Amino acid sequence: MSDAAWDSLLQWLRTKGMDTSCDGLLVERRKCAGAGYGLFTLKACSPSSLLFSVPAEALLNAKTLSPLYPRAGLSATQLISMHLTLHRPSFGKPDPQFGPYISVLPADFSFHPLVWMVQKHCLEAELLQYLPPSVSRAMQKLSLRFDVDLKAVRRYLTEDAENLNMLENNFLWGWLNVNTRGIYLRLKSKQSDPDNLTLCPILDMANHSSHLPHMSPRPSKAHGGPSLRGMSFISPSEVHLDVDREVFLKYGSHGNRLLFTEYGFSISTESIKAGEMDGEVDISDILEELLDSSYLKRALEAENYWGDWTLHVTRESAYPSFRVLAALRLYHLAQESATDDDVSAWKDTLAGRRDVVSPDNETAVRATLDRICCQLVERGEQALESIEKVQSKKEVRSNVKVLWTEEILVGRAVSVSIRSGAVF
């Protein structure tokens with residue numbers, strides 16, 4: 001991003017009513033090594049200082065775009081993605097409403113795995129074969145979401161041949177900008193409505209951190225009315241920020257699987273070792289193969305314990321989720337020709353009325369869980385060897401390697417907990 005583009009953005013924001021003076025905008029964008037741009041303080045900030053406020057009219061969301069597309073019948077993601085696509089710099093038509101903002105959005109998403117899936121002949125496409133099973137599943141779900149949104153927008157533009165052709169070539173760019181930069185903003189009566197989503201200038205240049213000081217978003221009313229909200233951003237409440245300090249935005253307490261799938265990056269496992277973030281591995285593929293029985297599946301589904309089986313590492317401990325223990329306890333009961341009393345005992349563990357089904361059952365569960373951990377480590381080490389042979393950009397390949405390194409780390413840590421007699 002050029003200085004001219006940044007200045008143009010600030011000028012545009014002023015026309016929308018934003019205070020961009022040295023007292024109203026306490027951060028600026030600067031280049032970061034290996035992370036594109038970031039936001040840095042222009043002056044020292046005491047805890048809970050107002051860093052900047054963006055008026056409602058400068059936000060890109062369903063409320064601000066609906067007047068441009070009456071009766072579109074599209075979701076917020078679909079509507080914003082379509083608008084970005086139709087006004088993509090160098091491809092679309094200039095946007096008199098949000099042009100200066102759209103011009104500073106990222107132009108290149110070649111690092112994102114969804115691009116590898118859609119553009120099958122790109123250099124990194126081969127890496128899709130080397131993703132951990134749980135990440136591959138998450139990518140399939142993401143791809144399905146993209147396809148659903150593309151089809152909805154294509155239907156809306158059916159009679160607009162010029163824009164329809166542009167859509168096919170550029171929608172992925174618009175969609176990824178929304179998916180990687182959208183932030184929650186209450187715009188609908190229902191708090192959980194998926195259309196409570198907005199793109200916000202300046203904010204979207206902040207980098208993610210799970211442990212470093214991060215700003216907090218706050219909704220604010222703008223002169224557009226009570227249903228049209230702006231956003232304010234507050235400095236960390238627990239620390240004083242010196243001048244030239246980078247300020248982060250915490251995307252959420254997410255593990256690498258979600259960060260990689262949704263945002264296209266992963267965080268080094270050194271952060272897990274240092275206790276700065278938690279490690280998590282989804283072992284559903286392994287357990288589904290192990291629990292290959294219609295009886296087990298029906299029984300677990302009946303109690304809402306089928307799927308979402310994970311192992312965890314935190315600063316304090318390494319452990320399987322209760323869902324894993326529940327599934328393995330039932331599995332070993334089935335191996336032992338369980339009686340009705342046994343199944344009743346298993347259900348008592350789900351309800352918290354007893355800790356284990358029986359000592360023998362728990363011993364078998366722990367042994368099986370240890371074998372699963374060893375399986376994680378073994379397949380992770382094999383995957384790391386294979387990935388080294390894939391032709392791709394080094395930083396992109398490193399992101400995939402982190403996913404497998406996390407599986408190895410979590411597998412080893414949980415195995416140590418099992419063998420040391422830790423109680424789960």
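This section describes a pocket, a cavity and the strands beside them in a predicted model.

The second largest pocket encloses about 690 Å³ of space. Its lining comprises 35 residues, and those closest to the pocket centre are His254, Gly255, Arg257, Leu258 and Glu280. Four elements each contribute at least two lining residues to this pocket, namely helix 6 (133-156), helix 8 (256-263), strand 10 (279-282) and helix 10 (284-290). Helix 6 provides the largest share of the lining, with seven residues. Sorted by class, the lining of the second largest pocket consists of 15 charged, 14 polar and six nonpolar residues.

The structure also contains one cavity of 30 Å³ or more. The volume of the largest cavity is about 60 Å³. The residues lining the largest cavity are Pro132, Ser134, Val135, Arg257, Glu280, Val281, Asp282, Leu403, Glu406 and Glu407. Helix 6, strand 10 and helix 15 (394-419) are the elements that give two or more residues to this lining. Five of the residues lining the largest cavity are charged, four are nonpolar and one is polar.

The pocket and the cavity have lining residues in common. Arg257 is among the residues closest to the centre of the second largest pocket, and Arg257 also lines the largest cavity. Glu280 likewise belongs to the group closest to the pocket centre and to the cavity lining. At the level of elements, helix 6 and strand 10 each supply at least two residues to the pocket lining, and both give two or more residues to the lining of the largest cavity.

Strand 10 is paired with strand 11 in the antiparallel sense, through four bridges. Within this pairing, Glu280 has His312 of strand 11 as its bridge partner. Strand 11 also runs antiparallel to strand 12 (residues 318-320), to which three bridges join it. His312 is bridged here to Tyr319 of strand 12. The connection between strand 11 and strand 12 is a hairpin of four residues. His312 thus has bridge partners in both neighbouring strands, Glu280 on one side of the pairing and Tyr319 in strand 12.

In a regular strand, side chains alternate between the two faces of the sheet. In strand 11 (residues 310-313), Thr310 and His312 point one way, whereas Leu311 and Val313 point the other way. All four of these residues are buried.

Notes
Residues are numbered from 1 along each chain as its sequence is written. This is a predicted model: local features need pLDDT of at least 70, side-chain atom pairs count only at pLDDT 80 or more; totals for chains, interfaces and linings use all residues. Side-chain values use heavy atoms; hydrogens and water are left out. On a 1 Å grid over the protein atoms alone, a cavity is a set of points where a 1.4 Å probe fits but cannot get out, and a pocket is an open set with protein on both sides within 12 Å along at least five of seven lines; lining residues have an atom within 4 Å of a point. Grid points are joined across faces, edges and corners, and a volume is the space filled by probe spheres set on the points. Ala, Val, Leu, Ile, Met, Phe, Trp, Tyr, Cys and Pro count as nonpolar, Asp, Glu, Lys and Arg as charged, and the others, Gly among them, as polar. Buried means under 20% relative accessible area, exposed over 50%, partly exposed in between (1.4 Å probe, protein chains only). Two strands pair if DSSP finds at least two bridges between them.
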